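Colleague: Please take one chain as a whole to set the scale, and then go closely through a single part of the other, the backbone at a turn. I would like the surroundings of that turn as well.

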Amino acid sequence: MDIFLQQIINGLVQGSVYALVALGYTMVYGILGLINFAHGEVVMAGAMLALSALTALISWGVAPLLALPVSLILAMAGCMLLGFGIERIAYRPLRHAPRLAPLITAIGVSIVLQNLAMMIWGRDYHAFPQLIKNQPHYVGGAIINDIQIIIVIMAVVIMAGLMIVVHRTSLGRAMRAVAENQHAAQLMGVDVNRVISITFMLGSALAAVAGLMVSANYGLAHYYMGFLLGLKAFTAAVLGGIGNLRGAMLGGLLLGLIESLGAGYIGPLTNGFMGSQYQDVFAFFVLIAVLVFRPSGLLGERLAERA
Amino acid sequence: MSKLEVNGLQAGYGGIHAVKGIDLHVEPGELVALIGSNGAGKTTTLKTLAGLLNPSAGQLLFDGKSLHAVAAHQRVAMGIALVPEGRGVFARLSVAENLLMGAYSRCDQAQINEDLARMYALFPRLVERREQLAGTLSGGEQQMLAMARALMSRPRLLMLDEPSMGLAPLMVKKIFATIREVAAQGMSILLVEQNARLALQVASRGYVMESGAITLSGSSAELLGSDAVQRAYLGG
């Protein structure tokens, strides 16, 4: 088996998920200058909702190939509602408060959502039902399976769709205008609150997709799964340059690759002293390195221009 | 047609009253200047009319309808447009996208395209810069863009805040020629300027504002001839 190629494939799959989640962080940051630390929990909610819907649909005898897209759509709708509610209840009242207030609130929302999820779905790991055959394919000595192929293709399609919305539609123009100057956007007739709500909902819909992808890929979902995933996706957004959409996608893919290659080679490189359980270290090593050497990220502007 | 009426307007930031009870009106098709020195409350007045600030007292009527509780973005659809101080162009949007933002509250695609063509005819400089990011334009070009963008909403009342600020004399001339042209087409215009002579040369009437109150009003000719205005604003 070719370890290098295998780690590249794993990295691209994981990176696609990070990219989708990082987009949610970066869209909200771009428009409000706020880090929505509850975003990881929206990913978790997406996974849990999809899983519940899927289990229910299957038990009613719905065909798996129909149940999968239906539960994805239900999870997306649920997460959009959740994202809308989070902004409306937790962040909007603090729109003009000092920056620390919404940040602390975000952490609070995150804890509330985790506990709510624990009350609804319990503390146990939930197994993701095996719906499709998940055929493995051998490519040049490495393995990629059906779910992984679907993850990468869906991520690419969704990201392309998002870029079209942001750069080619009137809504996207309004989003970019609000991100740049809320007062001027109002003078153009833009309902700023509506655009902010839509931004949260779009980011949350992407989070729902990512949540379903992660749980399908690992076969598991858990009320706490959003925490680490959220932090890593935030790292990816910072790596690419927070506030920058292309940066979030690039950062997500790079972080996935770094993690996967790091986990694959740390064993041989340290003579077996450290193993792939150190995988998580790489993401935060990257975060620290970016913050020290290039705080604006790969594609970001200098921070002074944003403030 | 559109008529603006302001009665006893008070507005400010926090506890500070920048505008202390002013009355003014703009008749349909009229070009009215609001002049006064820095900090007199002119910008605050325009911001309140546009809905960016809530008045603490007073009445705003547009076409006889109260603007009370009408949000800023809804006033655009009613026909009120403001070209803000400092222009407020979207630097990271292209020139064409900025113009389309001006038409945000309209959905008549064919007429929007027509108006785009009209704006490019009115400001030929913008045509060559169509795909450029607005942040790369010169100050004068940005002022043109800001005006064109405001006109894209098909306003019935156009408010301009210091259009001459920071511009080279030649550019100021161009901008004011355009203001004249737009006024000649019958649009109501409320023009705020520190450059009193320039403003009164294009306006038919004017108000003089001093520390939040209107101290003098009259036809442009009267104001240009008045001793008080001469001494305070025209350096004579």
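Modeller: In this predicted model, the radius of gyration of chain A is 19 Å, which agrees with the value near 19 Å that a compact globule of 307 residues would have. The C-alpha trace of chain A spans about 60 × 50 × 35 Å along its principal axes. Of its 307 residues, 48% count as buried. Among contacts in chain A with a separation of 6 or more, 75% are between residues 24 or more positions apart. Twelve helices and four strands make up the secondary structure of chain A.

Chain A touches chain B through 15 residues of its own, against 20 residues from chain B. On the chain B side, the elements that give two or more residues are α2 (72–78) and α3 (95–102). By class, that side has 13 nonpolar, five polar and two charged residues.

Now the turn in chain B. Strands β4(B) and β5(B) form a hairpin with two residues between them. The strands run antiparallel and are joined by two bridges, and one pairing puts L61(B) opposite S66(B) in β5(B). β4(B) also pairs with β1 (residues 4–13) of chain B, again antiparallel, through five bridges. V6(B), for instance, has L60(B) in β4(B) as its bridge partner. β4(B) therefore has bridges to β1 of chain B and to β5(B).

The residue to look at is D63(B), in the loop between β4 (57–62) and β5 (65–66) of chain B. D63(B) is not a glycine, yet has a positive phi of about 55°. As for its surroundings, 16 other C-beta atoms lie within 10 Å of D63(B), so the residue is partly exposed; the buried class begins at 20 and the exposed class ends at 12.

A second residue of chain B can be set beside this one. S211(B), also not a glycine, has a positive phi of about 30°. Its place is in the loop between β9 (205–210) and β10 (213–219) of chain B. With 14 C-beta neighbours inside 10 Å, S211(B) counts as partly exposed.

To put the part you asked about in brief: D63(B) sits in the turn of the β4(B)–β5(B) hairpin with a positive phi of about 55°, and D63(B) is partly exposed.

Technical notes: Residues numbered from 1 in each chain as written. Chains lettered and ligands numbered in written order. Predicted model: local features only at pLDDT ≥ 70, side-chain atom pairs only at ≥ 80, totals over all residues. Contact = placed C-beta atoms within 7 Å. Nonpolar A, V, L, I, M, F, W, Y, C, P; charged D, E, K, R; others polar. Rg over C-alpha atoms; globule rule 2.2 N^0.38 Å. Pairing = 2+ DSSP bridges.
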